[in-house]
There are 2 protein chains.
Amino acid sequence: MSTRRATINDVAREAGVSPSTASVVFSGKTPTSEATRARVLAAAESLGYTGPDPRAASLRRGRSGIVGVVFDQHLGTAFLDPVTTHMMDGLADGVSRLGAALLLLRDDGVTVSEPSLHTAPIDAAVLIGCSPRMRDSLEIVRGRGIPVVVVEGDAGDGIPRVLLDNADAQRAAARHLADLGHDDVVIVTLPVDTGRRRGWLAADAVIGVDVTADRLRGAREVFPDAPALAAATSSIDEGAIAGRTIFAERRPTAVLAQSDLLAAGVIRAAEEAGLRVPQDVSVTGFDGVVVDGLAPHVLTTLVQPATAKGRAAGEAVAAMLEETVPSGLDLECTFRAGTTTGPPRST
Amino acid sequence: MSTRRATINDVAREAGVSPSTASVVFSGKTPTSEATRARVLAAAESLGYTGPDPRAASLRRGRSGIVGVVFDQHLGTAFLDPVTTHMMDGLADGVSRLGAALLLLRDDGVTVSEPSLHTAPIDAAVLIGCSPRMRDSLEIVRGRGIPVVVVEGDAGDGIPRVLLDNADAQRAAARHLADLGHDDVVIVTLPVDTGRRRGWLAADAVIGVDVTADRLRGAREVFPDAPALAAATSSIDEGAIAGRTIFAERRPTAVLAQSDLLAAGVIRAAEEAGLRVPQDVSVTGFDGVVVDGLAPHVLTTLVQPATAKGRAAGEAVAAMLEETVPSGLDLECTFRAGTTTGPPRST
DNA sequence: TTGTACGCGTTATCAA
DNA sequence: TTGATAACGCGTACAA
């Protein structure tokens, strides 16, 4: 009874074959005679050998079978958003053709914990929600020569990215409001930077988060002068905070929120303020997720293909690993009219 | 311009030092003179060397810095439950002292994709929700000699597991109902097996999922003859399905659901059936998660420390890796009285 | 503080 | 169908 775990060498010796033959028996890469195969398996069994050491195999192969998923926020926070969980689901699906598993990584810029982006044994990486800080993550990964796909963010120079038609979609919602007759509209935006500061956006504000910028641009194409209030994150509570701020100061006929969760919060704030939706104020969201607790309202929103987004990212990663050019990265949102928008109240 | 990436050897040669010195510069395990250090770093820079190859390092070290988290269901499904996401959050926290990252693994018994439990380069594993199928996963992992911690499941012989006082807690809720005067109670359970079949449970039904069995046991200690209806998963929709089944057949004065999501669904079904909560029927949940959309109700439930559960699992894993005996694995739920329970209607 | 030498466990390649 | 050989890239005793 040795203290050390058996290796494939031990098994080979025990079975009376060469290590390479034993290896082949486990990998199945080359046909082997039934007899040797049986002998090797028996030897493994008797030695308690349970298969090749993944670390050694991945060193030799140059592949670990692991795809890193990089978040720029606390996991708990990220997973609170249904869009993220659906995307993870699709991502798991998308990389499965690669036979890869997902490694959860967080890049908050300060943590030095290992394995970080610098040291994780990943074959590829998917960056979620490219905030400015993500650029650093990107540099690290690219420096390591690892294929990267960015979801919803600008990565610059030729890095594949999965994109929604954010501006177009948001413009559609804005137009919907305009068609109904609205012209006093306030926009509630997703975070504008890593600092996640709340507050009214100056006209010349620099927006570091692309999703936010794109959706804002789409809305402003229809309502060039609409004031915009930034939320600290995408959640019902944040939406409610934003809503309270808005209704304390003004009475717009419509609020255009950049996410369903924010919209739900705005609706809550509106009702707190004694406003009826949509009679007194119309509200639109973005994402098309199921927001529990919104009943009986059905949110007017843009439905984004969250699962498909993840799957597209996964497949893009798979393609890059196979040295192919990824495709199918541009996805479209669908406008869905609900019960939270209607004609503006007559003044 | 070579086609191959630079190794630490190349860097050492370029810097005019030995490979071991270069290695030490990167790991910081041994003091080095400022001069050599600078030289090595410069050499690395000029060769585009971004640090030790994680695969080689982990082979050498015998550690990968990765902890596997094994689910027995689709990731999307698992993450739909707030309890799971909170637990993941805690888990990420708990293993962080180890400096480890989390690898998402799924064991559905059929997938042959790699890396599976057999081949993933993990230092330890956390099994979530030990259904019968999980026993197989367990065998695989143990066979590989990898430390395992089980969350909410019976792993048998000396495998550390993070446990809630499910039976006790559920008994407290049942007693609460009994004290109010209820005696016509129906129980809605979590899945009873991997097949996730719905339906009334026979008195002698074998329950393969421990959480389900424990909570049921606690309830039956107070209401020995209460009929139990199994749901296919823990969700509001499943709760509603169960609720509809119940109210179509009978009019219990109280329904004891094994999760908050199920309870929310039951409440929805009750209201559909024209029953008021709690006047016509009381409902209790389990978990203490925030269920959006339940307002104005506040669920009477057992609050479980979901984040703490994850953290405990993470710390247990860390302990095992350090050859210590894990502790702090038993966690308690807290009874929280809400507005969904009251005295039974007079018959 | 630096260098030498070797092993970690596997698998690709090629020849037999 | 099997076997010999040579990396894969690194970390670390141990000696200098």
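# Exercises on salt bridges and DNA contacts

Asp280(B) and Arg276(B) are joined by a salt bridge whose closest N and O atoms lie 3.2 Å apart. The exercises below concern a predicted model.

**Exercise 1.** Determine whether Asp280(B) is buried or exposed.

*Solution.* The relative accessible area of Asp280(B) is 13%. Buried means under 20%. Asp280(B) is therefore buried.

**Exercise 2.** Establish which parts of the protein are joined by the salt bridge between Arg55(A) and Asp123(B).

*Solution.* Step 1: the N to O distance between these two side chains is 3.5 Å, and the cut-off for a salt bridge is 4 Å. Step 2: Arg55(A) belongs to helix α4 (residues 54-61) of chain A, whereas Asp123(B) sits in the loop between β2 (101-106) and β3 (124-128) of chain B, so the pair joins two chains. Step 3: both partners are buried, Arg55(A) with a relative accessible area of 16% and Asp123(B) with one of 9%. Step 4: through shared partners, salt bridges place Asp53(A), Arg55(A) and Asp123(B) in one network.

**Exercise 3.** Locate the partners of the salt bridge between Glu238(B) and Arg198(B), and state how far apart in sequence the connected parts are.

*Solution.* Step 1: the side chains of Glu238(B) and Arg198(B) meet at 2.5 Å, N to O. Step 2: Glu238(B) is in helix α10 (residues 236-249) of chain B and Arg198(B) in the loop between β6 (185-189) and β7 (199-200) of chain B, so the bridge ties together parts 40 residues apart in sequence. Step 3: Glu238(B) has a relative accessibility of 6% and counts as buried. Over all chains, the number of salt bridges is 27.

**Exercise 4.** Describe the protein surface near DNA strand C: which element gives the most residues, and what are the residue classes?

*Solution.* Step 1: DNA strand C is surrounded by 23 residues, the closest being Ile8(A), Tyr49(A), Arg60(A), Ser18(B) and Thr36(B). Step 2: α4(A) gives the most, with four residues. Step 3: by class, this surface comprises eight nonpolar, 11 polar and four charged residues.

**Exercise 5.** Identify which groups of DNA strand C meet Ser18(B), Ser20(B) and Thr21(B).

*Solution.* Step 1: a polar backbone atom of Ser18(B) is 2.7 Å from a phosphate oxygen. Step 2: the side chain of Thr21(B) has an N or O atom 3.1 Å from a phosphate oxygen. Step 3: a polar side-chain atom of Ser20(B) lies 3.2 Å from a base nitrogen. Step 4: among the strand atoms within 4 Å of the protein, 67% belong to sugar or phosphate and the rest to bases.

Technical notes: Residues numbered from 1 in each chain as written. Chains lettered and ligands numbered in written order. Predicted model: local features only at pLDDT ≥ 70, side-chain atom pairs only at ≥ 80, totals over all residues. Heavy atoms only, no water. Buried < 20%, exposed > 50% of the residue type's maximum accessible area, 1.4 Å probe, protein only. Near = heavy atom within 4 Å. Polar contact = N/O pair within 3.5 Å; in protein donor to acceptor, adjacent residues only side chain to side chain. Nonpolar A, V, L, I, M, F, W, Y, C, P; charged D, E, K, R; others polar.
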